[in-house]
Amino acid sequence: LKAFADRFRSIKANLCDARNGTLRARVLSGRLPVFDLCRMTTAQLASAEVQAAREAARSKAAAANTIKQSSIKEGPRYVKTDAGLEMVRDDDAAAAGGDRDKARQT
């Protein structure tokens, strides 16, 4: 019952959002059936502006979590994970089928 109420609030909020006229127009014109509306994720319900902002934030976070060694032109990359830094060798990864060597640093 709580999931139903949460879903209803999410759909209602997105339909009432002034920036989300496209979703509202699709529902009112019948191009988006109610059956499909009820099964859309919150990301799908969001306006194009919100989706673009989320994608920009996701790209920025991915860029912030990848450290390129600037002093070496051809060298390993490090990716931050919950277990520390993980070294990703671009040249070795292609040859070895994508295996990664973990280099934990604290």
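**Overall fold and the packing of helix α1**

The protein chain has six helices and four strands. As a first orientation, it helps to know that the model described here is a predicted one. Read from the N terminus, the elements of the protein chain follow the order α-α-α-α-α-β-β-β-α-β. A run of five helices therefore opens the chain, three strands follow, and a further helix and a strand close the series.

Some overall figures help to set the scene. The protein chain has 106 residues, and 19% of them count as buried. Its accessible surface amounts to about 8,000 Å², and carbon and sulfur atoms account for 57% of that area. Among the contacts in the protein chain with a separation of 6 or more, 25% are between residues 24 or more positions apart.

Helix α1 is a convenient place to begin a closer look. This helix has 15 residues and covers residues 2-16. From its first C-alpha to its last, α1 reaches 21 Å, which is close to the 21 Å expected at 1.5 Å a residue. The buried residues of α1 are Ser10, Ile11 and Asn14. Viewed down the axis of α1, these buried residues fall within an arc of 95°, so they line one face of the helix. The pattern fits a familiar rule: an α-helix has 3.6 residues a turn, so residues three or four places apart point the same way. On the face of α1 turned away from the buried side sit the exposed residues Lys2, Phe4, Phe8, Arg9 and Cys16.

What do the buried residues of α1 pack against? Their partners are α2 (21-29), α3 (34-39) and α4 (42-45). With α2, helix α1 packs at an angle of about 105°, and the two axes are 7 Å apart. That angle makes α1 roughly perpendicular to α2, since values from 65 to 115 degrees count as such. On the α1 side, the contact is made by Asn14, Leu15 and Cys16, while α2 contributes Leu23, Arg24 and Val27.

Two of the buried residues in α1 can be followed individually. Ser10 is found in helix α1 and has a relative accessible area of 16%. Because buried means under 20%, Ser10 counts as buried. Leaving aside residues up to four places away in sequence, Ser10 touches Thr42 and Leu45. Asn14, which also lies in helix α1, counts as buried at 13% relative accessibility. With the same neighbours in sequence left out, up to four places away, Asn14 touches Asn20, Leu23, Leu45 and Ala46. Leu45 thus appears among the contacts of Ser10 and again among those of Asn14. Leu23, touched by Asn14, is one of the α2 residues that make the contact with α1.

A last example comes from the strands. Val88 has its place in strand β3, which spans residues 84-88. Is Val88 buried or exposed? With a relative accessible area of 5%, Val88 is buried. Arg77 is eleven residues from Val88 along the chain, and the C-alpha atoms of these two residues are separated by 5.1 Å.

Notes. Residues numbered from 1 in each chain as written. Predicted model: local features only at pLDDT ≥ 70, side-chain atom pairs only at ≥ 80, totals over all residues. Heavy atoms only, no water. Buried < 20%, exposed > 50% of the residue type's maximum accessible area, 1.4 Å probe, protein only. Contact = heavy atoms within 4.5 Å. Areas by Shrake-Rupley, 256 points an atom, 1.4 Å probe, with all protein chains shown as cover. Expected span 1.5 Å × (residues − 1). Arc of directions from axis to C-beta. Axes fitted to C-alpha atoms, helices over the stretch in contact; angles between N-to-C directions. Parallel < 35°, antiparallel > 145°, perpendicular 65-115°, else oblique.
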